[in-house]
Amino acid sequence: MQAEARKYEQLALTLQGMIEKGQFLAGHKLPSIRKLSEQWGFSIDTVQKALHLLEDRGYVQPVAKSGNFVQLPAGQQANACSQAPNSLALDPPISPDMSDHISLLLNSCMRGDVAPFGVAFPAPALLPIASLRRSFSTVNRKQPNLLAQDSHVQPNQAALVLQLQRRFETMGMRLRKDELLVTDGCTEALSLALHALTKRNHVVAVESPGYYLLLQLIEAMGLRALEIPSSPETGMSLEALEIAVKKTKIAACIVCPTASNPTGSVMPDANRKRLLELAEKYDFPIVEDNVYADLYFERFRPKPLKSFRQSDRVIMCGSFSKSLSPALRLGYVAGGRYAPALLAHKRILSGSTNPLTQMAVAHYLDKGSFERHLCTLRQHFETQVMAMSALVLKHFPEGTRVSQPKGGFVLWVELPAHNDTAHVFQKAILKKTAFMPGHVFSASGLYKNCLRINCGHPVNEDTAVAVARLGGLFVA
Ligand SMILES: Cc1ncc(COP(=O)(O)O)c(C=O)c1O
């Protein structure tokens, strides 16, 4: 009897915590009692008792024949965007149609006459393109044989690996050169990590909302995404992750701890430590996606998971796509104990990454101006995100909420519940504005009333006019 009491109180407390952190949204319906019981591994009776307790505490409002709705007790109304999924379910694989759908969205977003709020690219004017061009010409002139090399024999150019080692050392990571692998962007790094860690039908825990191409990759490899609710402030909910891994064996947990896409959350140090502890306790590897990690807004860089003591089970992925140029297609992966498997897959999947690009970026990094460039870039992005946020709050319907990114250059926008952003997308393109509809950031189609806006471009009068046009397409 006492054990039962503890169980439902424990469940009520967990759900309450998730409501307070915005992981279940006020006004949204909770998953059904049966679903909660299946997902959390408690009996129907325990779930019902937990819900009664939450009702007494003012966190849940039952509505006859409709279900249980989330509410915040008076005095606890959140005003910042706090969207996160209202389920913790093993998602059905996203359909191949979804991949086509995402390609269509991306193509529409990239049209030259459309305001660039769709794809997460920085404005070229903010990037050191001229300096990179000079590095390419110098390397081409000094090493004319680079393009004649048999690039499949040696995946890494030593000069770039050395630059990476030096950079990572400043972040508290002493990485061996045989632990580092140069990749074709962060996309290939993530793909290699999944190839090294998983087999068909394995389950991979991901942030929700989370990066849509990762979800597609998971689907294409015949894996299953387990969406873990993630707060726009602190990232993946570790309470939810622990509940999930107690029930389901995961082959990997993929997180973007610094400046996640789409919310710009940053996982606090204590949570990073806890995540590593969970990985030890439940024996799973972590894939750390650091593609935005150079673009933090705080004074000090958040510590990469890979720099913590128990980090040998972390595969760290990153690239220069968000900081130097997306067109370089240059990234890296630091594999810890999985490095040999990553290398084996790299040899099969792409052989090696363009040696000329590797050497040009090594040359650029050696000039020593990268850190200064990053410092300026971070300031631009922070200003742009804030300006965009103000425009959205001004021109979007009442009840719209926005994330408060702690890094990166995307903004997550949550519209009043009855808006369907996928529906509005084509209208927005006709009006020459773009965005990424929210449902693509979930393998199970959550976030229909949300969207992501790219803030990689300076905000000017044209931006204001375009945001006003976009805002007019949604309803209060
Ligand atoms: C979270 C996240 N991971 C990985 C990538 C892929 O990066 P790359 O362009 O270097 O392949 C992106 C690109 O937008 C991203 O947002």
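These are my notebook entries on the nonpolar cores and the largest pocket of this predicted model.

**Ground rules.** I number residues from 1 along each chain as its sequence is written. Local features need pLDDT of at least 70, side-chain atom pairs count only at pLDDT 80 or more, totals for chains, interfaces and linings use all residues, and side-chain values use heavy atoms, with hydrogens and water left out.

**Cores.** I looked up the largest nonpolar core (buried Ala, Val, Leu, Ile, Met, Phe, Trp, Tyr and Cys joined through side-chain atoms within 4.5 Å; buried is under 20% relative accessible area with a 1.4 Å probe, protein chains only). It has 101 residues, and Phe320, Phe396 and Ile453 have the most contacts inside it. Helix α13 (370-395; a DSSP run of H or I, at least four residues) gives this core its largest share, 8 residues. Domain 2 (96-125 + 372-471) and domain 3 (136-368) each supply at least three residues to this core; the bounds come from an automatic or database assignment.

Next I checked Phe396: leaving out residues up to four places away in sequence, its contacts (heavy atoms within 4.5 Å) include Val413, Leu451, Ile453 and Phe474.

**Pocket.** Where does the largest pocket lie? Domains 2 and 3 both give residues to its lining, so it lies between them. I used a 1 Å grid over the protein atoms alone; a pocket is an open set of points where a 1.4 Å probe fits, with protein on both sides within 12 Å along at least five of seven lines, and lining residues have an atom within 4 Å of a point. Its lining has 31 residues, with Phe121, Thr187, Tyr211, Leu213 and Lys322 nearest the centre.

Definitions and conventions:
Buried < 20%, exposed > 50% of the residue type's maximum accessible area, 1.4 Å probe, protein only. Helix = DSSP H or I, 4+ residues; strand = E, 2+ residues; numbered from the N terminus.
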